[in-house]
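Hi,

Here is the structure I said I would pass on. Have a look at it first, and then read my notes below.

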Amino acid sequence: MTHLPSLADIAAQLETYDPQALPANEVLNFLDHLVSPVQDQESVDIFAALGRVTAQDVISPINVPPHDNSAMDGFAFDSAPLSDSQTLSLKVVGTALAGKAWTGTVNAGECVKIMTGAIMPSGLNTVAPQELCQIKSNEVIEIPAGLLKAGDNRRLCGEDIMQGQAALLKGALITPAAAGLLASLGVPHVSVVRRLKVAYFSTGDEILSLGEALREGAVYDSNRYTVHGMLQALGCEMIDMGVVKDDPDLLEQAFNKAAEQADAIITSGGVSVGEADFTKAMMKKLGDVVFWKIAMRPGRPMAVGRIQKGQRSAVLFGLPGNPVAVMVTFLAFVKPALLKMMGSTATPLPMLRAKTQEVLRKKPGRTEYQRGIVSRNAQGELQVMTTGNQGSGVLSSMVQANGLIVLSHQQGTAQLGDWVDVLVL
Ligand code: AMP
Ligand code: MG
């Protein structure tokens with residue numbers, strides 16, 4: 001196994017590192033040092049490749065399209081006699097269909113009726129769309145002057161992808177468009193990075209699994225469901241380990257079992273200051289783990305580290321317990337780290353800028369993620385309002401929101417009408 005830097009090594013590399021008040025961008029920086037892409041790859045068929053990440057450049061074995069062909073239904077002709085002042089009258093000598101080329105000879109003054117996708121007959125370089133032409137008889141058409149130029153309505157061989165060109169680069173996410181592009185090359189399989197295995201569980205004595213009767217002081221486990229959904233959206237292979245009670249033996253078993261199988265372990269709960277539980281102690285016992293207070297809201301406490309089990313090493317993300325904090329810390333920090341581990345090099349979509357429809361009170365010195373509803377105002381500008389109660393346990397705020405208003409570390413209160421960043425959900 002390659003040598004992995006310790007968390008202390010990573011911390012020492014950062015310019016400023018204050019685990020008691022860590023700015024959000026430092027968290028990202030730290031995680032970027034902590035995680036690396038998995039190296040294993042596998043070949044999968046194109047349907048199965050959806051949502052996966054390419055492990056190598058995909059070089060096209062063919063030109064796409066493989067021939068010059070018509071982009072319209074119309075008449076293929078040689079543009080040489082085209083003029084801006086004179087109607088061109090041509091004799092129709094045959095028909096070229098998609099999948100059934102016209103192989104005859106075309107002489108001066110002649111054209112071929114052609115359908116979309118049909119190969120351009122040799123010597124012809126331009127297509128006059130049917131609706132532009134005057135059909136004089138079955139045999140003769142007229143192309144009005146001044147409407148067409150050489151090469152119009154012809155698709156060139158290789159104009160989408162040239163033979164030998166990389167159709168997809170290593171690290172590309174296979175979207176529906178990319179799957180279609182791969183299929184257009186005629187390649188039935190593609191090398192992708194193996195799926196990331198992520199184990200997750202919730203901790204806390206007060207956390208109930210679905211199906212258990214509600215009792216005083218207890219809450220149903222929602223974090224496993226939000227984490228599951230966010231992992232599924234990333235295309236991870238998931239290992240659901242349920243709710244683990246605050247019991248040293250059970251926690252130790254859970255962490256060990258997770259570390260034996262997974263590339264990453266995500267827990268929720270039990271990492272805040274003054275927690276009377278065993279979660280933090282067990283993380284510390286089993287792994288190289290740091291406990292942070294992040295300068296953010298919601299989601300202040302978080303544990304990050306590595307748990308080694310034999311030859312394997314799993315990255316640990318110990319998220320806070322509060323349901324909104326779990327989602328926000330996942331989206332802000334865990335997701336970019338997992339994408340890097342998955343080998344993805346895709347550029348994330350930029351945030352939007354929207355005018356706030358209310359005053360957003362804030363102190364400089366922490367990053368805030370408020371749940372927002374973005375819409376367009378009468379002037380056509382983006383505007384955003386909050387979903388109301390921003391409590392870190394109010395999961396309904398995440399349901400109503402279509403974006404997170406991100407108020408940066410330095411920024412103070414945003415006044416009515418100020419432009420603010422919005423991360424679209
Ligand atoms: P903790 O970080 O363990 O102090 O938890 C903070 C808050 O989040 C407490 O109110 C917990 O009851 C709540 N919480 C922790 N885990 C979960 C969970 N899995 N589902 C719902 N709420 C949770
Ligand atoms: Mg707790």
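**The loop around Gly151**

Gly151 sits in the loop between strand S9 (140-143) and strand S10 (154-155); helices (H or I, at least four residues) and strands (E, at least two) are DSSP runs, numbered from the N terminus. Before going on, note that this is a predicted model, where local features need pLDDT of at least 70, side-chain atom pairs count only at pLDDT 80 or more, and totals for chains, interfaces and linings use all residues. Residues are numbered from 1 along each chain as its sequence is written, chains are lettered from A and ligands numbered from 1 in the order in which they are written, and side-chain values use heavy atoms, with hydrogens and water left out.

Back to Gly151: it is buried, at 19% relative accessible area (buried means under 20%, exposed over 50%, partly exposed in between, with a 1.4 Å probe and protein chains only). What does Gly151 touch, leaving aside its neighbours within four places in sequence? The answer is Asn125 and Thr126, where contact means heavy atoms within 4.5 Å. The C-alpha atoms of Gly151 and Asn125 are 5.4 Å apart, although their positions lie 26 residues apart along the chain.

**Salt bridges**

Side chains of opposite charge can pair when their charged atoms come close. The rule used here asks for a side-chain nitrogen of Lys or Arg within 4 Å of a carboxyl oxygen of Asp or Glu, and it gives 13 salt bridges. Here are some of them.

- Asp152 pairs with Lys149, with 3.2 Å between the closest N and O atoms. Asp152 is buried at 17% relative accessible area, whereas Lys149 is exposed at 56%.
- Glu252 pairs with Lys285, again with a closest N to O distance of 3.2 Å. Glu252 belongs to helix H6 (residues 248-261) and Lys285 to helix H7 (residues 279-286), so this pair ties together parts that are 33 residues apart in sequence. Glu252 is partly exposed at 22%, and Lys285 is exposed at 56%.
- Arg353 pairs with Asp421, the closest N and O atoms being 3.1 Å apart. This one links distant parts of the chain, 68 residues apart: Arg353 is in strand S22 (residues 352-356) and Asp421 in strand S26 (residues 419-424). Arg353 is partly exposed at 46%, as is Asp421 at 23%.

There is also a network of salt bridges that links Asp40, Arg194, Asp263 and Arg312.

**Domains**

The assignment splits the protein chain into domain 1 (7-40 + 195-341), domain 2 (42-64 + 159-193), domain 3 (69-155) and domain 4 (352-424); such bounds come from an automatic or database domain assignment. How do domain 1 and domain 4 meet? Their C-alpha centres lie 26 Å apart, and 17 residues of domain 1 are in contact with 15 residues of domain 4. Together they bury about 1,300 Å², 70% of it from carbon and sulfur atoms (buried area is the accessible area, with a 1.4 Å probe, that two parts lose on being put together, summed over both). Ala295, Arg297 and Val324 supply 39% of what domain 1 buries against domain 4, more than any other three residues. The rule finds 0 salt bridges across this interface.

Happy browsing!
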